[in-house]
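Thanks for asking me to look this one over. Here are my notes, in numbered points, to read alongside the model.

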Amino acid sequence: MAGEDGIVSGMAGRYATALFDLARETNAVDQVQSDLKFFDALIASNPDLARLVRSPVFGADEQEKALSAVLEKAGIGGIAAKFLRVVTGNRRLFAVREMIRGFNRRVAAHKGEVTAQVTVAEQLNDARMNDIRTALRDVTGKDVQIDVNVDPSIIGGLKVKLGSRMVDASLRTKLNSIKIAMKEAR
């Protein structure tokens, strides 16, 4: 089931929408978004935390204790910390990254921004990120938030998904196209 504006769906979408509504009512959208982005980055950079979040092996008590320690050490408090504790208590921590993405999509829609999913072979530096952001702003006429996914299997180049549009300028796709063309030429 889609959210009211079609940008979030399912269980993760319902959590994201509820959090967004609460953050907006308390004028804490920017703080909650900042805290959740930091927490998401922690999950992405720490395999032990990622395992704690994903694995059903850990019980609710273990997850709550570990989460409390992580939140305290990371300095995450307020609505974001309460939200993460509720998610953990409801045994939904496995979906927290999708909830965070849904929340970020709600914030972007609220601010009139669009989000592009960009897949690259290796991490982008700030200059390259700004070049991509500028090019996408020129195309859309709106501020563009970039959600970067690093996937070494694309070899080089990039893939950009913006709304329903997708541009695949990856080296892997180009090599596959050449391979197909060469097979057809036989």
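**Notes on the chain**

1. Let me begin with a single residue: Ala-80 is found in helix α5. Ala-80 has a relative accessible area of 1% and is therefore buried. Leaving aside neighbours within four places in sequence, Ala-80 is in contact with Val-32, Asp-35 and Leu-36. Its C-alpha atom also lies 8.9 Å from that of Ala-23, although 57 residues separate Ala-80 and Ala-23 in sequence. Please keep in mind throughout that this is a predicted model.

2. Now for the overall layout. The chain has 8 helices and 4 strands. Read from the N terminus, the order of elements is α-α-α-α-α-α-β-α-β-β-β-α. Along the principal axes, the C-alpha atoms fill a box of roughly 65 × 40 × 35 Å. Of the 186 residues in the chain, 34% are buried. The chain exposes about 11200 Å², and carbon and sulfur atoms supply 52% of that area. Among contacts with a separation of 6 or more, 68% join residues 24 or more positions apart.

3. Next, the nonpolar cores. In soluble globular proteins, nonpolar side chains tend to be buried together. In this chain the largest nonpolar core has 32 residues, and those with the most contacts inside it are Val-32, Leu-36, Phe-39, Leu-84, Val-96 and Phe-103. The elements giving two or more residues to this core are α1 (10-25), α2, α3, α4 (60-74), α5 (78-89) and α6 (96-111). Apart from this core lies another, of 12 residues, including Ala-116, Leu-124, Ile-132 and Leu-158.

4. What does Val-96 touch, leaving aside neighbours within four places in sequence? Val-96 is in contact with Phe-39, Ile-43, Val-53 and Leu-84. Two of the residues that Ala-80 contacts, Val-32 and Leu-36, are also listed among those with the most contacts inside the largest core.

5. The packing of α2 and α3 deserves its own point. Two packed helices are described by the angle between their axes and the distance between the axes. Helix α2 (residues 29-45) and helix α3 (residues 47-54) pack at an angle of about 105°, with their axes 5 Å apart. Because angles of 65 to 115 degrees count as roughly perpendicular, α2 is roughly perpendicular to α3. On the α2 side the contact is made by Leu-42, Ile-43 and Ser-45, and on the α3 side by Pro-47, Leu-49, Ala-50 and Val-53. These residues divide into 6 nonpolar, 1 polar and no charged.

6. Gln-33 is a residue I would point out in α2. Gln-33 is placed in this helix, and its relative accessibility of 12% is why it counts as buried. Not counting residues up to four places away in sequence, Gln-33 touches Phe-103, Asn-104, Val-107 and Lys-111.

7. The loop between α5 and α6 holds two residues for you to look at. Is Leu-93 buried or exposed? Leu-93, which is in this loop, has a relative accessible area of 1% and so is buried. Its contacts, leaving aside neighbours within four places in sequence, are Val-53, Gln-63, Val-87 and Thr-88. The C-alpha atoms of Leu-93 and Ala-60 are separated by 9.4 Å, with their positions 33 residues apart along the chain. Arg-91 lies in the loop between α5 and α6 too, but with a relative accessible area of 34% Arg-91 is partly exposed.

8. Two backbone angles merit a second look. Arg-91 is not a glycine, yet it has a positive phi of about 60°. Ile-155, also not a glycine, has a positive phi of about 70°. Ile-155 sits in the loop between β2 (144-150) and β3 (157-162).

9. Lastly, a residue from later in the chain. Thr-134 has its place in helix α7 (residues 126-140). With a relative accessibility of 36%, Thr-134 counts as partly exposed. Thr-134 and Val-144 are 10 residues apart along the chain, and their C-alpha atoms are separated by 8.3 Å.

Note on methods: Residues numbered from 1 in each chain as written. Predicted model: local features only at pLDDT ≥ 70, side-chain atom pairs only at ≥ 80, totals over all residues. Heavy atoms only, no water. Axes fitted to C-alpha atoms, helices over the stretch in contact; angles between N-to-C directions. Parallel < 35°, antiparallel > 145°, perpendicular 65-115°, else oblique. Contact = heavy atoms within 4.5 Å. Nonpolar A, V, L, I, M, F, W, Y, C, P; charged D, E, K, R; others polar. Buried < 20%, exposed > 50% of the residue type's maximum accessible area, 1.4 Å probe, protein only. Areas by Shrake-Rupley, 256 points an atom, 1.4 Å probe, with all protein chains shown as cover. Core = buried A, V, L, I, M, F, W, Y, C linked by side-chain atoms within 4.5 Å.
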